[in-house]
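Here is a walk through one protein chain, with stops at its cysteines, a few helices and some individual residues. Keep the viewer open and follow along.

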Amino acid sequence: MDVVSGRETDGADVRALIVTAHPDDECMFFAPTIIRLVELNASVHLLCLSEGNYYSQGAHRKQELLNSCAVLGIPASRITIVDHKKLPDDPKAEWSVSLISSVIVKHVRGHSFNMVLTFDGRGVSGHANHTAIHKAVSHLASTGQVPHDCCLLSLVTVGLFRKYVSLLDLPLSWLLTSSLCCAVTSQGYRQAKAAMLCHRSQLLWFRYLYITFSRYMFINTFRMIPQGPKNLKIY
């Protein structure tokens with residue numbers, strides 16, 4: 001499936017859930033996907049599993065998230081922010097896979113989503129909270145807890161060079177095999193940038209470099225997370 005600017009596609013039947021760990025993940029990593037799905041009339045929801053309270057700024061970052069999503073086209077009524085003591089914003093914290101799984105599956109079933117998008121096993125930046133979400137979704141997939149008509153997709157983590165070559169990564173991303181590819185035009189990039197600028201508390205100098213050079217501001221590629229029990233090999 002390709003979701004590319006200029007393509008005549010109607011996504012009105014798509015009910016998509018973006019699952020992130022912290023406020024700013026939605027625009028830092030998933031902005032091209034959100035922008036394109038919204039443009040295609042898909043119903044896009046966000047489930048953020050923490051308030052981003054690592055520096056005791058949770059309430060402020062929550063509002064930044066709402067502002068960012070408004071720019072991206074996700075209304076507040078479609079945003080759920082989890083505040084759970086066992087899911088702290090902390091790269092050293094080991095999030096419970098069973099807890100994350102229960103939160104996600106309850107959300108999926110409660111809203112009849114047919115597409116769930118989240119991080120892959122490397123979490124783009126390697127953040128432990130990101131990778132914990134992937135483990136939880138993979139667990140749901142392998143144990144058959146998600147409806148089979150719900151497509152599970154993980155955001156592909158690329159190497160450091162590809163991560164920071166901006167639009168130059170577009171041809172390679174387009175040619176390599178993926179289950180879903182989302183790219184934005186210059187207008188979409190400006191929208192993604194405006195969403196990033198909503199997160200004022202996070203805008204240290206290196207964030208501006210990220211906004212300028214990261215390919216995740218322009219393009220997202222996803223791989224399918226297979227559902228059902230994995231094949232067992234017995235020797």
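Let's begin with the cysteines, bearing in mind that this is a predicted model. Cys150 has its closest cysteine sulfur in Cys151, but the gap of 7.3 Å is too far for a bond. Cys150 counts as buried, at 1% relative accessibility. Now look at Cys198, which is in no disulfide either: the nearest cysteine sulfur belongs to Cys27 and is 7.6 Å away. A disulfide would need two cysteine sulfur atoms within 2.5 Å, and by that rule the count comes to zero.

Stay with Cys198 for a moment. You'll find Cys198 in the loop between H8 and H9. Is Cys198 buried or exposed? With a relative accessible area of 19%, Cys198 is buried, because the cut-off for buried is under 20%. Set aside residues up to four places away in sequence, and Cys198 touches Glu64, Asn67, Ser68 and Val71. For a sense of distance, pick out Lys135, which is 63 residues from Cys198 along the chain: their C-alpha atoms are separated by 29 Å.

Two of those partners, Ser68 and Val71, also take us to the packing of H3 on H8, where both of them are part of the contact. How do these two helices run relative to each other? The axes of helix H3 (residues 58-72) and H8 come within 8 Å and cross at roughly 170°. That crossing angle makes H3 roughly antiparallel to H8. On the H3 side, the contact is made by Ser68, Val71 and Leu72, while H8 brings in Gln191, Ala192, Ala194 and Ala195. Sort the residues of this contact by type and you get five nonpolar, two polar and no charged.

Next along the chain, past the Cys198 loop, comes H9. Which residues of helix H9 (residues 205-213) are buried? They are Arg207, Tyr210 and Ile211. Look down the axis of H9 and these buried residues fall within an arc of 100°, so they line one face of the helix. Among what covers them are helix H1 (25-28), helix H6 (160-163) and helix H8 (186-197).

Carry on to the loop between H9 and strand S8 (219-224), where Arg215 is found. Arg215 is buried, with a relative accessible area of 0%. What is Arg215 in contact with, once its neighbours within four places in sequence are left aside? The list is Val156, Val158, Arg162, Lys163, Ser166, Asp169, Ser173 and Thr221.

Now swing back to strand S2 (residues 15-20), where you'll find Thr20. Thr20 counts as buried too, at 0% relative accessibility. Leaving out neighbours within four places in sequence, Thr20 is in contact with Asp25, Glu26, Phe30, Leu46, Leu47, Cys48, Leu49, Phe119 and Ile133. Gln63 is 43 residues from Thr20 along the chain, and the two C-alpha atoms are separated by 16 Å.

Helix H2 (residues 31-39) is another place to look for buried residues. Seven of the nine residues of H2 are buried, so H2 is largely enclosed by the rest of the structure. The buried ones are Ala31, Pro32, Thr33, Ile34, Ile35, Arg36 and Leu37. After H2 comes Asn41, with a positive phi near 70°.

That brings us to backbone angles, with two more positive phi values to check. Ser112 has a phi of about 55°, which is positive although Ser112 is not a glycine. You can locate Ser112 in the loop between helix H4 (97-111) and strand S5 (115-119). At 52% relative accessibility, Ser112 counts as exposed. Val124 is a residue other than glycine as well, and its phi is positive, near 65°. Val124 is found in the loop between S5 and helix H5 (128-142). Unlike the exposed Ser112, Val124 is buried, with a relative accessible area of 7%.

Methods. Residues numbered from 1 in each chain as written. Predicted model: local features only at pLDDT ≥ 70, side-chain atom pairs only at ≥ 80, totals over all residues. Heavy atoms only, no water. Buried < 20%, exposed > 50% of the residue type's maximum accessible area, 1.4 Å probe, protein only. Helix = DSSP H or I, 4+ residues; strand = E, 2+ residues; numbered from the N terminus. Arc of directions from axis to C-beta. Contact = heavy atoms within 4.5 Å. Axes fitted to C-alpha atoms, helices over the stretch in contact; angles between N-to-C directions. Parallel < 35°, antiparallel > 145°, perpendicular 65-115°, else oblique. Nonpolar A, V, L, I, M, F, W, Y, C, P; charged D, E, K, R; others polar.
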